[in-house]
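Student: I should like to learn how to read the features of a structure one at a time. Could we begin with the pairing of strands?

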Amino acid sequence: MKELQKLLKENNIDYYIVPTDDDHQSEYVGNYYRVREFLSGFTGSAGTLVVGQDDAYLWTDGRYFIQAAKQLKDGIQLMKMAEPGVPTIEEFLVEHLNENSVLAFDPKVMTARFVIDLENAMDDSLELDPVDFTDQVWHDRPEKSHEKAFFYDTKYHGVDASIKLEDIRSYMDMNGCDAHLVSSLDDIAWIFNIRGNDIEYSPTVLAFALIEKDKAALYLQNGVYDDEMKDYYASIGVTIKDYDAIYEDVSKLEGTLLVDLNAINYALYESINCEIADGINPSQYFKSTKNEVEIANTKNAHLKDGVAVTRFMYWLKHNVGHVPMSEISVADKLEDYRREQDLFLEPSFATICAYGSNGAIIHYQATKESNATISNKGMLMIDSGGQYLDGTTDITRTFVLGDLSNEERHDFTLVAKSWLHLMYARFPHGMTGINLDTYARAPMWAEGKDFKHGTGHGVGHLLNVHEGPQGIRPKQRTGENAVFEAGMITSDEPGYYREGHYGIRHENELLCVEDGETEYGTFLRFEPLTYVPLDLDGIDTNMLTDEEKAMLNDYHQFVYEKIAPLLNDEEREWLSIYTREI
């Protein structure tokens, strides 16, 4: 940090912004791009560092308040986003900068929309210095990933890339666009049916794409593709080009370019010389509604995942207090159960295995220093998932390991009520996540309680575990305002966190399906895709209404019917107890 601040003084730069992003505004980034983590010490997946010549600030959201407070290096002030009295990054910079100020950043990792909005807020009086200081301060920086890419077989997803390109070109025609620039890795992976290993947990390949009316180009690093891939893409009118050639090619475009300014970097934006049509990438909408092939495959992936997590739960319940356990060893054990399953590739995100008070840290990550010993008391929260060739999973269960206090049992049940209310929601077509969020939060709000994270996110198909354009949260977020449609897969994950004591979260993935027509239109509901029992050892049945008991009994019967045939006799008998009618 001191080395960077010295460079700022030498170059007369007032502030330097370091986002979490890579060149593609990805949620998770490779080691090469973890500059913010290197400078600040904070390892969470979301946050922006603003460094001044003598001061520094880190903005992050409610998931990471506790974690960031523990991890930030000395001299960095934590800015708790959306908390009273805490300015946004833009508001902070507007207040601290003037027409004589200089703001610097790496233009390849800074989102175009952020810079544009900041320039507008400053009336274009701010001097921008697009410069990357990283290599001058991070002397042993890892190299950029360039892992081998691979085709994603049509049997797992059902639609050839040529058809997806036709759909995108139809969208371009309807909106009067001559070309479409795509930078987001999940969109590129979906459009071109290509996957890779450049980002841990997200099976994508570092790439750009440019789609025009009669041709398309896929920009990849040298060595990540072979002749077979090159020949296939040529057969559908797609040319593979060098990764960095996108900047020059974009500069030569004429007509109107469709681009999402929230999803490209500022260097790309500065390279564009033609007219821009700013809008969400159409592939975000297309891929969010899963087709019949994807749904059949992901149900199979969730069945295997349900077997793995249920067997893990059986092991945990029978061994806690009898064999040594820690957060890290237990997370590894769960991964071992997943690795036994057919077509498993890797976790879909870093497993959150949080025992006792660590559970209050919403996105806690166990380290060698924090790795808690697990015993037969209290609660263990595990948020985990898997990437399978046939689908992506995400599940949270809070396991009861011993006696609970009345308060712990109350809150465990309260979160379960919230989880059930959303899972069994029925609603008319036209609703967005803001409408649906109240299903989950209403039981908690009734007690004056809440949780500082979204209730649900879209889930990709062998893609990002977090995706849009739908989401469930109390306040609208950019890119998450889509109406819910049949075929969308979304998580249901309310929680409650008591700092210094415990954390509770229950999570299923839900498939949106049609539920009949009435005089008021089409109605929708959710079908659970997650086949793992909720831990009945934490439930206070006196808190549940008859309707809520029926919901939980219905879900547990569903789980038993799906999972029991795939277990051995001892596991099956145990499962019948944990899915019993209450």
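Tutor: Two strands are said to pair if DSSP finds at least two bridges between them. This is a predicted model, and in it strand 3 and strand 4 (residues 76–80) pair in the parallel sense over 5 bridges. Within that pairing, W59 stands opposite M79 of strand 4.

Student: In which sense do strand 2 and strand 3 pair, and over how many bridges?

Tutor: Strand 2 (residues 48–52) pairs with strand 3 in the antiparallel sense, over 4 bridges. V50 is the residue that stands opposite Y57 in strand 3. The connection from strand 2 to strand 3 is a hairpin of 3 residues.

Student: How many residues of strand 3 are buried?

Tutor: A residue is called buried when its relative accessible area is under 20%. Strand 3 (residues 56–60) is mostly covered, with 5 of its 5 residues buried. A56, L58 and T60 point one way from the strand, while Y57 and W59 point the other way, and all are buried.

Student: How should one describe a sheet as a whole?

Tutor: One gives the order of its strands, the sense of pairing and the edges. One open sheet has 3 strands in the order 15-18-19, with antiparallel pairing. Its edge strands are strand 15 (344–347) and strand 19 (391–392), each pairing on one side only. Strand 15 and strand 18 (residues 386–388) are joined in the antiparallel sense over 3 bridges, and the bridge partner of P347 in strand 18 is G386.

Student: Which helix packs on that sheet, and which strands does the helix touch?

Tutor: Helix 15 (residues 327–339) packs on the sheet and touches strand 15 and strand 18. The direction of helix 15 makes about 160 degrees with that of strand 15.

Student: What is the order of strands in the open sheet that contains strand 17?

Tutor: The order is 16-17-20, an open sheet of 3 strands with antiparallel pairing. Strand 16 (352–355) and strand 20 (395–400) are the edges, each pairing on one side only. From one strand to the next, the twist averages 10 degrees. Strand 17 (residues 379–384) and strand 20 pair in the antiparallel sense over 6 bridges, and I382 has R397 in strand 20 as its bridge partner.

Student: Let us turn to helix packing. At what angle do the axes of helix 16 and helix 18 cross?

Tutor: The axes of helix 16 (residues 406–423) and helix 18 (residues 546–563) come within 10 Å and cross at roughly 75 degrees. Angles of 65 to 115 degrees count as roughly perpendicular, so helix 16 is roughly perpendicular to helix 18. On the side of helix 16 the contact involves K417, W419, L420, H421 and M423, which meet E548, M551, L552 and Y555 in helix 18. By class, this contact has 6 nonpolar, 1 polar and 2 charged residues.

Student: How far apart are the axes of helix 8 and helix 9, and what angle do they make?

Tutor: The axes of helix 8 (residues 161–174) and helix 9 (residues 185–192) are 7 Å apart, and the two helices pack at an angle of about 120 degrees. Helix 8 and helix 9 are therefore oblique to each other. A161, K164, L165 and I168 in helix 8 meet W190, I191 and F192 in helix 9. The contact of helix 8 with helix 9 comprises 6 nonpolar residues, no polar residues and 1 charged residue.

Student: Finally, how does one read a single residue in a loop? Is H24 buried or exposed?

Tutor: One considers its location, its accessibility and its neighbours in turn. H24 is found in the loop between strand 1 (15–18) and helix 2 (35–40). H24 counts as buried because its relative accessibility is 2%. A polar atom of the H24 side chain lies 2.8 Å from the backbone oxygen of S183. Leaving aside residues up to four places away in sequence, H24 touches several residues, including S184, L206, F208 and Y243.

Student: Where is Q25 found, and which backbone atom does the side chain of Q25 reach?

Tutor: Q25 is found in the loop between strand 1 and helix 2. Q25 is buried, with a relative accessible area of 16%. The side chain of Q25 reaches the backbone nitrogen of N265 at 3.3 Å. Beyond four places in sequence, the residues that Q25 touches include K108, M110, S183 and N262.

Key. Residues are numbered from 1 along each chain as its sequence is written. This is a predicted model: local features need pLDDT of at least 70, side-chain atom pairs count only at pLDDT 80 or more; totals for chains, interfaces and linings use all residues. Side-chain values use heavy atoms; hydrogens and water are left out. Buried means under 20% relative accessible area, exposed over 50%, partly exposed in between (1.4 Å probe, protein chains only). A polar contact is a pair of N or O atoms within 3.5 Å; within protein, one must be able to donate a hydrogen and the other to accept it, and residues adjacent in sequence count only if both atoms are side-chain atoms. Contact means heavy atoms within 4.5 Å. Axes are lines fitted to C-alpha atoms, for helices over the stretch in contact, and angles run from 0 to 180 degrees between N-to-C directions. Angles under 35 degrees count as roughly parallel, over 145 as roughly antiparallel, 65 to 115 as roughly perpendicular and the rest as oblique. Ala, Val, Leu, Ile, Met, Phe, Trp, Tyr, Cys and Pro count as nonpolar, Asp, Glu, Lys and Arg as charged, and the others, Gly among them, as polar.
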